[in-house]
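Student: Could you pick one part of this model and take me through it up close? I'm after the way its pieces pack against each other, and then how that part sits in the rest of the chain.

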Amino acid sequence: GGGDDGGGGFEALVMDVLQAVALLTTVYFYAAPLGDVVRYASRRTVRHADDARPYALLIGSTLLWLAYGVLGDDTLLVLSSTTGAALGVLYVTCYCRYASRSLRLDALRVVLTVFAALTLGAAYLRAALHTDAERLAYIGFAGCSLTLALVVSPLLALRRVLARGDTAPLPKQLIAASTLMQTTWALYGTLRGDHFIMFANGCGALF
């Protein structure tokens, strides 16, 4: 009995540590684009090379995982996803404030596309799926897809790296933060027995 209690206590301690590290690394990852926001504000302009798609993907991905966390009763996921969604809205707002009209319209078009997809998905959940288990699986699949798109998006800079032979365009801070965050969440998903969290973040860590 004492051995079982000791083992359970150790597992609970490991889970507590993982939750703390997961939250910290997630906030660090989501806060990585703050440097871009500061640059937009200081220059009062957005370069044509700057891309708003990662910000839109951040909003879409975190809203999906927020719904998944609420449905799956995962407080950590709800907290981290709420933080990410709020920061995503902040990034898009700052981007649009300092972008040219054409870039602003492109950014808004991407954001509206993401919200339209989420709205259609929500309508499907209500109309076609009748159990929480079915809805959780549907949101999990969608969340995995958007998460992979989000973590792969910094690698779009590889095109410029290969073309110029210069590693400067690579967002090294964002890539490092992503790897640390995805690894932590993959371990968290494994211990929690959540295959969607484990798969999405395990694949993301490999990138």
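Tutor: Let's settle what an axis is before we use one: it is a line fitted to C-alpha atoms, taken for a helix over the stretch in contact, and the angle between two such lines runs from 0 to 180 degrees between N-to-C directions. Keep in mind as well that we are looking at a predicted model.

With that in hand, start at α2 and α4, whose axes come within 10 Å and cross at roughly 25 degrees. Angles under 35 degrees count as roughly parallel, so α2 is roughly parallel to α4. As for handedness, the crossing of these two helices is left-handed. If you want to see who does the touching, α2 brings Leu34, Val37, Tyr40 and Ala41, while α4 answers with Leu90, Tyr91, Cys94, Tyr95 and Tyr98.

Now go to Tyr55, which ties into this spot. Setting aside neighbours within four places in sequence, Tyr55 has contacts with Pro33, Asp36, Tyr40, Gly88, Tyr91, Val92 and Tyr95. Among those partners, Tyr40 belongs to the α2 side of the contact we just went through, and Tyr91 and Tyr95 to the α4 side. Tyr55 also turns up in the largest nonpolar core, a set of 42 residues, where Val46, Tyr55, Trp65, Tyr68, Tyr95, Trp185 and Ile197 touch the most other members. Plenty of the chain feeds that core: α1 (2-31), α2 (34-43), α3 (53-71), α4 (75-98), α5 (101-128), α6 (132-152), α8 (172-192) and α9 (195-206) each give two or more residues. The top contributor is α4, with nine residues.

From there, follow α3 over to α5. Their axes come within 9 Å and cross at roughly 20 degrees; by that angle, α3 and α5 are therefore roughly parallel to each other. This crossing is right-handed, whereas the one between α2 and α4 is left-handed. Arg53, Ala56, Ile59, Gly60, Leu63 and Leu64 are the α3 residues involved, and they meet Val110, Val111, Val114, Phe115 and Leu118 in α5.

Leu63 is a handy residue to zoom in on here. It sits in helix α3 and is partly exposed, with a relative accessible area of 27%. Apart from neighbours within four places in sequence, Leu63 is in contact with Ala85, Phe115 and Leu118. You can also look from Leu63 across to Ser81: they are 18 residues apart in sequence, with 6.7 Å from C-alpha to C-alpha.

Val111, on the α5 side of that contact, gives us a way back to α4. Its C-alpha atom is separated by 9.7 Å from that of Val89, 22 residues away along the chain. Val89 lies in helix α4 and is partly exposed, at a relative accessible area of 44%.

Don't skip the loops on either side of α3. In the loop between α2 and α3 you'll find Arg44, which has a positive phi of about 55 degrees without being a glycine. Arg44 is exposed, and its relative accessible area is 56%. The loop between α3 and α4 holds Asp73, another non-glycine residue with a positive phi, this one near 55 degrees. Asp73 is exposed too, at a relative accessible area of 64%.

For contrast, have a look at Thr184 over in helix α8. Its relative accessibility is 6%, and the cut-off for buried is under 20%, so Thr184 counts as buried. Beyond neighbours within four places in sequence, Thr184 has contacts with Leu18, Val21, Ala22 and Thr25.

Finally, zoom out. The protein has nine helices and zero strands, and 38% of its 207 residues count as buried. Of the contacts with a sequence separation of 6 or more, 72% come from residues 24 or more positions apart. On the outside, the protein exposes about 11,300 Å², with carbon and sulfur atoms supplying 66% of that area.

Key. Residues numbered from 1 in each chain as written. Predicted model: local features only at pLDDT ≥ 70, side-chain atom pairs only at ≥ 80, totals over all residues. Heavy atoms only, no water. Helix = DSSP H or I, 4+ residues; strand = E, 2+ residues; numbered from the N terminus. Buried < 20%, exposed > 50% of the residue type's maximum accessible area, 1.4 Å probe, protein only. Contact = heavy atoms within 4.5 Å. Areas by Shrake-Rupley, 256 points an atom, 1.4 Å probe, with all protein chains shown as cover. Core = buried A, V, L, I, M, F, W, Y, C linked by side-chain atoms within 4.5 Å. Parallel < 35°, antiparallel > 145°, perpendicular 65-115°, else oblique. Left-handed = near helix turned anticlockwise from the far one by under 90°.
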